[in-house]
Amino acid sequence: MEHSYQGFHREVASFAGTVQPGDPVALSGNGTVAPAEDGQEFIGVCVSRQGDLAGVQLCGAVEAGFTGAPPALGYGALAAAGSQAVKSAESGRSRLILSVDEDAGRVVFLL
């Protein structure tokens, strides 16, 4: 049996901003997001874009690329890494890291 985390407690909200699907995002103003800067905590990941609006997933399982050392399974802090990726962080919000594919450079975690 194949497993999937997609759809688990998935919540998406619309924000204004010039972000692209796959970008970890940070608040940049009232109701506005921007790509999170390298090392910055992020509020969610952009999953869609329509005109000036971006759909940002704020809760649930998400898959992203990672840079640097592979994140450890279990709870750990993640930060934005630029280029639509995340990286392990020394501090910040703890997220449940469910799967790490070192060969593909991909990680699945709960927001």
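How many salt bridges does the structure hold? The answer is two. Before I go through them, please keep in mind that this is a predicted model.

I will start with Asp 38 and Lys 87. Their side chains meet in a salt bridge, at 2.9 Å from N to O. Where do the two residues lie? Asp 38 is in the loop between strand E3, residues 32–35, and strand E4, residues 44–50. Lys 87 is in strand E8, which covers residues 85–88. The pair therefore ties together parts that are 49 residues apart in sequence. As for accessibility, Asp 38 is exposed, with a relative accessible area of 54%. Lys 87 is partly exposed, and its relative accessible area is 25%.

Next come Glu 63 and Arg 106. Here too the side chains meet in a salt bridge, with an N to O distance of 3.1 Å. Glu 63 belongs to strand E6, residues 61–66, and Arg 106 to strand E10, residues 106–110, so this bridge ties together parts 43 residues apart in sequence. Are these two residues buried or exposed? Glu 63 is partly exposed, with a relative accessible area of 40%. Arg 106 also counts as partly exposed, at 33% relative accessibility.

Now to the strands. Five of them close into a barrel, and the order is E6-E8-E7-E9-E10. The pairing in this barrel is mixed. On average, neighbouring strands of the sheet are turned by 55° against each other, with direction ignored. Strand E8, with Lys 87, is in the barrel order, and so are E6 and E10, the strands of Glu 63 and Arg 106.

One pairing in more detail: strand E7, residues 74–82, and strand E9, residues 94–101, run antiparallel and pair over four bridges. Within this pairing, Tyr 75 stands opposite Leu 96 in E9.

That brings me to a charged residue in strand E9, Arg 95. What is the nearest side chain of opposite charge to Arg 95? It is Glu 41, 5.1 Å away. A salt bridge needs a nitrogen and a carboxyl oxygen within 4 Å, and Arg 95 has no salt bridge, although Arg 95 is buried.

Which residues does Arg 95 touch, leaving aside those up to four places away in sequence? The contacts include Gly 74, Tyr 75, Gly 76 and Leu 78. Phe 42, Phe 109, Leu 110 and Leu 111 are touched as well. Tyr 75 is thus a contact of Arg 95 and the residue opposite Leu 96.

How values were computed: Residues are numbered from 1 along each chain as its sequence is written. This is a predicted model: local features need pLDDT of at least 70, side-chain atom pairs count only at pLDDT 80 or more; totals for chains, interfaces and linings use all residues. Side-chain values use heavy atoms; hydrogens and water are left out. Buried means under 20% relative accessible area, exposed over 50%, partly exposed in between (1.4 Å probe, protein chains only). Two strands pair if DSSP finds at least two bridges between them. Axes are lines fitted to C-alpha atoms, for helices over the stretch in contact, and angles run from 0 to 180 degrees between N-to-C directions. Lys and Arg count as positive and Asp and Glu as negative; His and the chain ends are not counted. Contact means heavy atoms within 4.5 Å.
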